[in-house]
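Which contacts hold this chain's side chains together, and where do they sit? The report below takes them in turn.

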Amino acid sequence: MIMEVEFEMIDLGRLSYFLCMEFTLTYSRLVMHQKKYIKEVLKRFNMATCNPISTPTATNEKLDKDEEGEEVDDTRFKKIVGCLRFLCNSRPDICHGVGLVSRFMSNPRKSHMLAAKRLLKYIQGTTD
């Protein structure tokens, strides 16, 4: 091991958890997932016991500025979207929906929050 001679190193064993990413070694491959992080996110936003749904976005859903809509807590919305964006690392199935809700970070309305919560409900049902 050339690197061990050149640099001081410590063997930490097999990779299992790093930056909220979990790694499971199977017979033929290394699988990356975020099950633990998903559970933490759902608990953080009081969605751990929500009813799961089967699709990340509603069919033909088109979000707009909705300037007449009811305002929501923008800090909470930004936190939800930030967590969803981090989940895109291992969940390409939610990328489109996360991209849709990310457009409204500056002035979120109730319709935008409902779309973000729909993504959380979808994740609840597709953790495995």
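F86 is partly exposed, at 28% relative accessible area. This is a predicted model, and F86 belongs to the one aromatic pair it holds. The partner is Y37. The two ring centres lie 5.2 Å apart and the planes meet at 75°, so the geometry is edge-to-face. Y37 sits in helix α2 (residues 35-44) and F86 in helix α3 (residues 74-87), so the pair ties together parts 49 residues apart in sequence. Y37 is buried, with a relative accessible area of 11%.

**Salt bridges**

How many salt bridges are there? The count is two. The table lists them.

| Basic residue | Acidic residue | Closest N and O atoms |
|---|---|---|
| R109 | E71 | 3.5 Å |
| R91 | D93 | 3.1 Å |

Take R109 and E71 first. R109 lies in the loop between α4 (95-102) and α5 (110-125), and E71 in the loop between α2 and α3, so this salt bridge ties together parts 38 residues apart in sequence. R109 is buried, at 8% relative accessibility. E71 is exposed, with a relative accessible area of 57%.

Now R91 and D93. R91 counts as buried, at 9% relative accessibility. D93 is partly exposed, with 33% relative accessible area.

**Cysteines**

Why does C95 form no disulfide with C88? C88 holds the cysteine sulfur closest to that of C95, but the distance is 3.8 Å, too far for a bond. A disulfide needs the two sulfur atoms within 2.5 Å. The count of disulfides in the model is zero. C95 is partly exposed, with a relative accessible area of 35%. C83, another cysteine, is buried, at 7% relative accessibility.

**The β2-β3 hairpin**

Strands come next. β2 covers residues 21-25 and β3 covers residues 30-33. Do they run parallel or antiparallel? The pairing is antiparallel, over four bridges. One of the bridge partnerships joins E22 to H33 in β3. Four residues lie between β2 and β3, and the two strands form a hairpin.

**Summary**

One aromatic pair is present. It links α2 to α3 through Y37 and F86. Two salt bridges are counted, including the contact between R109 and E71. Disulfides number zero. β2 and β3 make a hairpin.

Methods: Residues are numbered from 1 along each chain as its sequence is written. This is a predicted model: local features need pLDDT of at least 70, side-chain atom pairs count only at pLDDT 80 or more; totals for chains, interfaces and linings use all residues. Side-chain values use heavy atoms; hydrogens and water are left out. Buried means under 20% relative accessible area, exposed over 50%, partly exposed in between (1.4 Å probe, protein chains only). Two strands pair if DSSP finds at least two bridges between them. Rings of Phe, Tyr and Trp (its six-membered ring) pair if their centres lie within 6.5 Å; planes under 30 degrees apart count as stacked, over 60 as edge-to-face and the rest as tilted. A salt bridge is a side-chain nitrogen of Lys or Arg within 4 Å of a carboxyl oxygen of Asp or Glu.
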